[in-house]
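Colleague: I'm new to this one, and I'd like some help finding my way around. Could you take me through it feature by feature?

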Amino acid sequence: HLNRKAPEKIRKNFGIPVAAYVIDDPLLRRTWMYDLGGYSHLFVIDDSWMPYLEYFNSGKVFSLPQTNDHRIFRPLGIEKDYDVGFGGNLSLRLPNAPSGFLRAQILNYVVERGYKIIAAAPNIQEAFDYFPALKNINYFDEYVSHEKLNEIYNRAKIVLSIHSPQFKNGIAPRVFEAAFAGSFQLVEYKPNIEVLFPGMPYFKSNEELLDKIEFYLHNDQERNDIAQKMRKISLEKHTFKSRAETILSKI
């Protein structure tokens, strides 16, 4: 991350705008808000971060959800041999501990109900002392490639998307990835899910999640129809090209 002086120097010497795409809450680091004030335009993946950034970049802060590469995350046409798939860091060390505990708690609840689960879950073994049932997952305790993560999405009948607590309104890039993959997903509720993916199934509690897993596992056609609808939305509105066009239109 560049400090404030670098973008200010570029703007002064070359007379061009310098934009930052902010993908972590600026409150997580001591000087981020101040440093970001050096940019001419800020684009943030969660609109709840916008009000305090406005004090440093008045009128130049915009909401722009994160996404990923639809050429990598795509349908593979392979067998869906797992009930549930998951991708996310389960570290219980700071700064990831809040995310790790939340994801591990939700995932553990599902595991204890006997579902067959595959997961790309770096640092999952840190959670075993607290959530021993997680040992029953077919897991990769490492960061896997995007290609491998796409395969995991494709092998699961239901992809479980759980956000980091830093997301207040916005949604994590995992949601876009699974949508590109043509995978059906159940998403932990955030207000912007209904704006970015109208009709996306979500959950607000462990009990609601379990009910929806059970329902959709027994309704293949509805599950597939929703997955195809979300893929269509993602390709029409959430590619890197569409993000670049938004940035250029604001600048």
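**Pockets, sheet and helices**

Modeller: Happy to. Keep in mind that this is a predicted model. Let's start with the largest pocket, which has a volume of about 930 Å³.

Colleague: Which residues lie nearest the centre of the largest pocket?

Modeller: Those are Asp24, Asn96, Arg103, Ser164 and Gln166, out of 33 residues that line the pocket. Helices H4 (97–111), H5 and H6 (173–180) are the elements that give two or more residues to that lining. Sorted by class, the lining has 16 nonpolar, 11 polar and six charged residues.

Colleague: How should I read the sheet? In what order do the strands come?

Modeller: Read across it from one edge to the other: E6-E5-E4-E7-E8-E9, an open sheet of six strands with parallel pairing. E6 (138–140) and E9 (202–203) each have a single partner strand, so one side of each has no neighbour in the sheet.

Colleague: How many bridges join E4 to E5?

Modeller: Four, between residues 82–87 of E4 and residues 117–120 of E5. One pair to look up is Phe86, whose bridge partner in E5 is Ala119.

Colleague: And the side chains of a strand, which way do they go?

Modeller: In a regular strand, side chains alternate between the two faces of the sheet. E5 gives you a case: Ile117 and Ala119 point one way, while Ile118 and Ala120 point the other way. All four are buried.

Colleague: Which strands does helix H5 lie across?

Modeller: H5 (residues 146–155) lies across E4, E5, E6 and E7 (156–161), and its angle to E7 is about 120 degrees.

Colleague: Which residues of H5 are buried?

Modeller: Start with the general idea: an α-helix has 3.6 residues a turn, so residues three or four places apart point the same way. In H5 the buried residues are Leu149, Asn150, Ile152, Tyr153, Asn154 and Arg155. They pack against E4, E5, E6, E7 and H6.

Colleague: What about enclosed spaces? How many cavities of 30 Å³ or more does a search of the whole structure find?

Modeller: One, with a volume of about 40 Å³. Its lining is made up of Phe86, Gly87, Tyr153, Val159, Leu160, Ser161, Ile162 and Arg174. E4 and E7 are the elements that give two or more residues to this lining, and E7 gives the most, with three. By class, the cavity lining has five nonpolar residues, two polar and one charged. You've met two of these residues already: Phe86 is the bridge partner of Ala119, and Tyr153 is among the buried residues of H5.

Colleague: Is Ser234 buried or exposed?

Modeller: Buried, because its relative accessible area is 0%, and the cut-off for buried is under 20%. Ser234 sits in helix H9 (residues 220–237). Setting aside neighbours within four places in sequence, Ser234 is in contact with Ala179, Phe180, Phe197 and Thr239.

Colleague: Last one: what should I look for in the backbone?

Modeller: Most residues other than glycine have a negative phi, and most peptide bonds are trans. Here, the peptide bond from Leu94 to Pro95 is cis, with omega near 10 degrees. You'll find Pro95 in the loop between E4 and H4. Asn123, in the loop between E5 and E6, has a positive phi, near 70 degrees.

Conventions: Residues are numbered from 1 along each chain as its sequence is written. This is a predicted model: local features need pLDDT of at least 70, side-chain atom pairs count only at pLDDT 80 or more; totals for chains, interfaces and linings use all residues. Side-chain values use heavy atoms; hydrogens and water are left out. Two strands pair if DSSP finds at least two bridges between them. Contact means heavy atoms within 4.5 Å. Axes are lines fitted to C-alpha atoms, for helices over the stretch in contact, and angles run from 0 to 180 degrees between N-to-C directions. On a 1 Å grid over the protein atoms alone, a cavity is a set of points where a 1.4 Å probe fits but cannot get out, and a pocket is an open set with protein on both sides within 12 Å along at least five of seven lines; lining residues have an atom within 4 Å of a point. Grid points are joined across faces, edges and corners, and a volume is the space filled by probe spheres set on the points. Ala, Val, Leu, Ile, Met, Phe, Trp, Tyr, Cys and Pro count as nonpolar, Asp, Glu, Lys and Arg as charged, and the others, Gly among them, as polar. Buried means under 20% relative accessible area, exposed over 50%, partly exposed in between (1.4 Å probe, protein chains only).
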